[in-house]
Amino acid sequence: MEKLFTSLPMVAKIATDDYVGFTFFVGCMAMMAAAAFFFFSMNNFDRKWKTSILVSGLITFIAAVHYWYMRDYWAANGESPTFFRYVDWILTVPLMCVEFYLILKVAGAKKSLMWKLIFLSVIMLVTGYLGEAVYRDQAQIWGLISGAAYFVIVYEIWLGGAKKLAQEAGGAVLSAHKTLCWFVLVGWAIYPIGYMAGTPGWYEGIFGGISMDVIYNIGDAINKIGFGLVVYNLAVTADSNS
Ligand SMILES: *C/C=C(C)/C=C/C=C(C)/C=C/C1=C(C)CCCC1(C)C
């Protein structure tokens, strides 16, 4: 027993220059705190917004659990936890699509809009995974297909059916929708940069050398917590106006 403890530390060390380890750790705590915040504030709101806040809580909670595993995986293996990363995304990104649907429901959004966005996000993530983990030699092609699906999502929410619904809803819903659109256009664009930093391709000379995991971790913190706060803010403003 004594031998085990002297040779196997219970908590792995994090070196002062291990930015990946550090951002996994901080990311994990931030996601946990955000999830607690959304869950506990959920009942302060009108029924109409409760589900939206619940979904914000689920997104950050699912991420917190995955960050717990990714932090551990990185500490034990010093490798990117690609599998956990994509399992996290395949659960949380479709939930973000659900958020778009939920806030536009007041303007009569149909489930078909939600399924369309979910379908596109799954294509985006599955092809991204194939390029990053399975067919790394062809990472450029898979990244391009993934990017095309991302582009269609951006189009749909900025200029397509979702935009029309947001305009019909007007007021606080319209402004929340606009902010979420910016998150998808700018915040989500962080991910292809991470992908280019971590896979072989023509872009290596530009992004090579930057840590893919640090970029992904920053993207996740901005997008998951920020996205949730936009929805929270919508519930606060819409409730106080009614
Ligand atoms: C909480 C997690 C989020 C919001 C993850 C979003 C991920 C993306 C928008 C990923 C996009 C990618 C591309 C557009 C091309 C290269 C491959 C991906 C999957 C990194």
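**Entry 1: the salt bridge of D220 and K224**

I began with D220 and K224, whose side chains meet in a salt bridge with N and O at 3.3 Å, in what I note here is a predicted model. The two residues are 4 apart within helix 11, and so about one helical turn separates them. I then looked up how far each is covered, and D220 turned out to be buried, with a relative accessible area of 0%, while K224 also counts as buried, at 3% relative accessibility.

**Entry 2: a second partner for D220**

Which other residue did I find in a salt bridge with D220? The partner is R85, and the closest N and O atoms of this pair are 3.5 Å apart. Because D220 lies in helix 11 (residues 212–241) and R85 in helix 4 (residues 82–104), this pair ties together parts that are 135 residues apart in sequence. R85 counts as buried, its relative accessibility being 1%. I followed the links further and found that R85, D213, D220 and K224 are joined in a network of salt bridges.

**Entry 3: the count, and one more pair**

For the salt bridges of the model I noted a count of 5. One of them is formed by D72 and R71, where the closest N and O atoms are 3.7 Å apart. I checked the cover of both residues: D72 is partly exposed, with a relative accessible area of 40%, whereas R71 is buried, at 16%.

**Entry 4: cysteines**

How many disulfides does the model hold? I noted a count of 0, and I reminded myself that a disulfide is a covalent bond between the sulfur atoms of two cysteines. To see why C181 has no such bond, I looked for the cysteine sulfur closest to its own, which is that of C97, and at 12 Å it is too far for a bond; the cut-off for a disulfide is a pair of sulfur atoms within 2.5 Å. C181 is buried, with a relative accessible area of 3%. I also looked up C28, which is buried with a relative accessible area of 1%.

**Entry 5: the largest pocket**

I turned next to the largest pocket, for which I wrote down a volume of about 490 Å³. Its lining is made of 25 residues, and those closest to the centre of the pocket are G143, S146, Y191, P192 and Y195. Which helix gives the largest share of this lining? Helix 6 does, with 7 residues. At least two lining residues come from each of helix 4, helix 5 (111–134), helix 6 (139–158), helix 9 (190–198) and helix 11, and I noted that helix 4 and helix 11 are also the helices that hold R85 and D220.

**Entry 6: a nonpolar patch and helix 2**

On the surface I found a nonpolar patch of about 530 Å², made by I14, F22, F25, V26, M29 and M32. Among these residues, F22 is found in helix 2, which covers residues 19–41, and M29 lies in helix 2 as well. I looked up the accessibility of M29 and found 37%, so that M29 counts as partly exposed. From M29 I took the distance to I123, and the two are 30 Å apart in space, C-alpha to C-alpha, with their places 94 residues apart in sequence.

**Entry 7: S41 and T16**

Is S41, which I looked up next, buried or exposed? S41 is buried, with a relative accessible area of 7%, and its place is in helix 2. S41 and L54 are 13 residues apart in sequence, and their C-alpha atoms are 9.2 Å apart in space.

My last residue was T16, which I located in the loop between helix 1 (2–7) and helix 2. With a relative accessibility of 82%, T16 counts as exposed. I also took the C-alpha to C-alpha distance from T16 to D72, which is 17 Å for two residues that are 56 apart in sequence; D72 is the residue that I had already met in the salt bridge with R71.

Definitions and conventions. Residues are numbered from 1 along each chain as its sequence is written. This is a predicted model: local features need pLDDT of at least 70, side-chain atom pairs count only at pLDDT 80 or more; totals for chains, interfaces and linings use all residues. Side-chain values use heavy atoms; hydrogens and water are left out. Patches are made of residues with over 30% relative accessible area and no salt bridge: like charges are joined within 9 Å, nonpolar side chains (Val, Leu, Ile, Met, Phe, Trp, Tyr) within 5 Å. Accessible areas come from the Shrake-Rupley method with a 1.4 Å probe; for residues, only the protein chains shown count as cover. A salt bridge is a side-chain nitrogen of Lys or Arg within 4 Å of a carboxyl oxygen of Asp or Glu. Buried means under 20% relative accessible area, exposed over 50%, partly exposed in between (1.4 Å probe, protein chains only). On a 1 Å grid over the protein atoms alone, a cavity is a set of points where a 1.4 Å probe fits but cannot get out, and a pocket is an open set with protein on both sides within 12 Å along at least five of seven lines; lining residues have an atom within 4 Å of a point. Grid points are joined across faces, edges and corners, and a volume is the space filled by probe spheres set on the points.
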